[in-house]
Amino acid sequence: MNSRTAFAALALLGLAFGVARPAAAAAGVRVVPVAALASREAFDTVLTTAVASGDQSLLVPVGLFEDIPATLAEMVSAAKTQGLRVVAAVDVTRVTSANEWPASRDHVVYTHPEWLMVPRELALELSRVDVRSPDYAGRLARWARANAPKALGLYLSPVHTEAAAFVAAAVRRLVERIPFDGVQFDTARYPSGDFDYSRLSLEQLRREIRPGLSADERRRLDGIELFDALAYATEFPDAWRRFRQTQLTALVVRARTAVKAVRPETIVSAVVGSDPLAALSDYLQDWPTWLDNRFIDAVTVDATDAPPPVSPQR
């Protein structure tokens with residue numbers, strides 16, 4: 001981004017405009033009405049959420065619409081008329097805030113609660129709850145509200161291939177209908193290294209590791225599993241971390257492929273942690289590998305994650 005480039009963020013739902021993310025606000029993203037798109041002196045790129053309300057930017061509900069909301073298409077058309085570039089900010093894992101749930105019962109939170117990420121702290125408790133019970137997602141939401149710094153809502157797990165396919169399909173539908181110049185993947189990460197301890201993820205890890213174990217090791221793990229559902233994750237922490245990290249990368253690749261299949265010239269970027277090692281450790285986000293292998297074209301450093309500026313010495 002050159003020194004002239006500045007982003008304008010427009011949140012769309014009921015034409016209520018506002019900055020869609022705290023990270024965007026911290027980065028100096030400006031909030032403007034559609035009428036201000038005519039001013040090229042203020043900025044030259046528009047960063048728009050696919051579907052948003054207040055500080056809740058949601059991509060996945062786009063997949064519920066046969067037609068993309070007309071207001072979004074109109075805004076993009078108006079921006080392009082003024083010679084502005086338009087970047088769609090897409091949440092690839094976060095699907096809802098913990099405080100305000102989607103009204104539609106067709107939302108993925110209701111239709112596929114088994115795809116939701118689970119923090120380690122809730123893993124044993126939720127392993128005893130029917131995933132289709134309203135109490136399952138309800139407990140996740142209550143935990144998220146009580147632990148706001150650790151998670152900003154509920155998230156889809158990259159470990160589940162069906163969830164990854166769902167996100168990629170939603171991204172593809174979006175770019176098929178609207179000629180975005182760029183797509184920025186937001187929340188392309190785990191909230192922390194203590195996610196995803198959902199039942200399906202732990203079962204998948206077990207299937208990955210068990211065939212390579214000796215008969216004695218299998219019997220030993222079977223005994224531990226009788227009282228600890230996290231047995232494989234606990235016994236094989238390095239494999240568990242690599243497994244989740246690889247699945248996140250696979251989700252990014254799948255979403256990027258969906259964009260490029262429709263619009264090869266579209267720039268695909270991702271919001272990343274400022275320190276590659278910390279991003280890998282804290283969020284299982286291996287973004288240098290994404291760049292090196294051209295899984296994405298560029299990165300945007302999360303302003304809330306950047307180190308404070310160093311004051312000049314006198």
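Start by selecting Leu291, which sits in helix 12. You are looking at a predicted model, so keep that in mind at every stop.

**Stop 1: Leu291 and helix 12**

With Leu291 selected, turn on the surface. Is Leu291 buried or exposed? Leu291 falls between those two classes: its relative accessible area is 28%, so Leu291 counts as partly exposed. Now show what lies around the side chain. Beyond residues up to four places away in sequence, Leu291 touches Ile296, Asp297, Ala298 and Val299. For a longer reach, draw a distance from Leu291 to Ala270: the two are 21 residues apart in sequence, and their C-alpha atoms are 9.9 Å apart in space.

Step along the chain to Arg294, in the loop between helix 12 (287-292) and strand 11 (298-301). Arg294 is exposed because its relative accessible area is 65%, and a residue must be over 50% to be called exposed. Check the backbone here too. Phi of Arg294 is near 60°, a positive value in a residue that is not glycine. Most residues other than glycine have a negative phi.

**Stop 2: the loop between strand 9 and helix 7**

Next, select the loop that runs from strand 9 (182-186) to helix 7. Three residues in this loop deserve a click.

- Thr187 belongs to this loop, and its phi is positive, about 50°, although Thr187 is not a glycine.
- Ala188 is in the loop as well. Its relative accessibility is 0%, so Ala188 counts as buried.
- Asp196 is also found in the loop. A cis peptide bond links Phe195 to Asp196, with omega about 0°. For comparison, most peptide bonds are trans.

Stay with Ala188 a moment longer. Which residues does Ala188 touch, not counting residues up to four places away in sequence? They are Val92, Leu248, Val252, Gln285 and Trp290. Add Val90 to your selection as well: Val90 and Ala188 are 98 residues apart in sequence, yet 9.2 Å apart in space from C-alpha to C-alpha.

**Stop 3: helix 7 against helix 10**

Follow the loop into helix 7 (residues 199-209) and show helix 10 with it. Their axes come within 11 Å and cross at roughly 115°. That angle makes helix 7 roughly perpendicular to helix 10. The crossing of helix 7 past helix 10 is right-handed.

To see the contact itself, display side chains on both helices. Helix 7 brings Ser201, Leu202, Gln204, Leu205, Glu208 and Ile209, which meet Ala239, Trp240, Phe243 and Gln247 of helix 10. Colour this contact by class and you will find 6 nonpolar, 3 polar and 1 charged residues.

**Stop 4: helix 6 against helix 10**

Keep helix 10 (residues 237-262) on screen and swap helix 7 for helix 6 (residues 161-177). Here the helices pack at an angle of about 25°, and their axes are 8 Å apart. Helix 6 is therefore roughly parallel to helix 10. This crossing, helix 6 past helix 10, is right-handed.

On the helix 6 side, select Thr161, Ala164, Ala165, Val167, Ala168, Val171, Arg172, Val175 and Glu176; they meet Leu251, Arg254, Ala255, Ala258, Val259, Ala261 and Val262 in helix 10. By class, the residues of this contact divide into 12 nonpolar, 1 polar and 3 charged.

**Stop 5: Glu235 in helix 9**

Now go to Glu235, in helix 9 (residues 231-235). Glu235 is partly exposed because its relative accessibility is 33%. Leaving aside neighbours within four places in sequence, Glu235 is in contact with Arg220, Leu221 and Ile224. Take Leu221 from that group: 14 residues separate Leu221 from Glu235 in sequence, and their C-alpha atoms are 8.6 Å apart.

**Stop 6: the nonpolar core**

Which members of the largest nonpolar core touch the most other members? Select Leu140, Leu156, Phe180, Phe185 and Trp290, out of 72 residues in that core. You have already met Trp290, as a contact of Ala188. Centre on Leu140 and, setting aside residues up to four places away in sequence, you will find it touching Leu116, Met117, Val118, Pro119, Leu122, Leu126 and Leu154.

**Last view: the whole chain**

Finally, zoom out and colour by secondary structure: the chain has 12 helices and 11 strands. Of its 314 residues, 50% count as buried. Among contacts between residues at least 6 apart in sequence, 74% join residues at least 24 apart.

Conventions
Residues numbered from 1 in each chain as written. Predicted model: local features only at pLDDT ≥ 70, side-chain atom pairs only at ≥ 80, totals over all residues. Heavy atoms only, no water. Axes fitted to C-alpha atoms, helices over the stretch in contact; angles between N-to-C directions. Helix = DSSP H or I, 4+ residues; strand = E, 2+ residues; numbered from the N terminus. Parallel < 35°, antiparallel > 145°, perpendicular 65-115°, else oblique. Left-handed = near helix turned anticlockwise from the far one by under 90°. Contact = heavy atoms within 4.5 Å. Nonpolar A, V, L, I, M, F, W, Y, C, P; charged D, E, K, R; others polar. Core = buried A, V, L, I, M, F, W, Y, C linked by side-chain atoms within 4.5 Å. Buried < 20%, exposed > 50% of the residue type's maximum accessible area, 1.4 Å probe, protein only.
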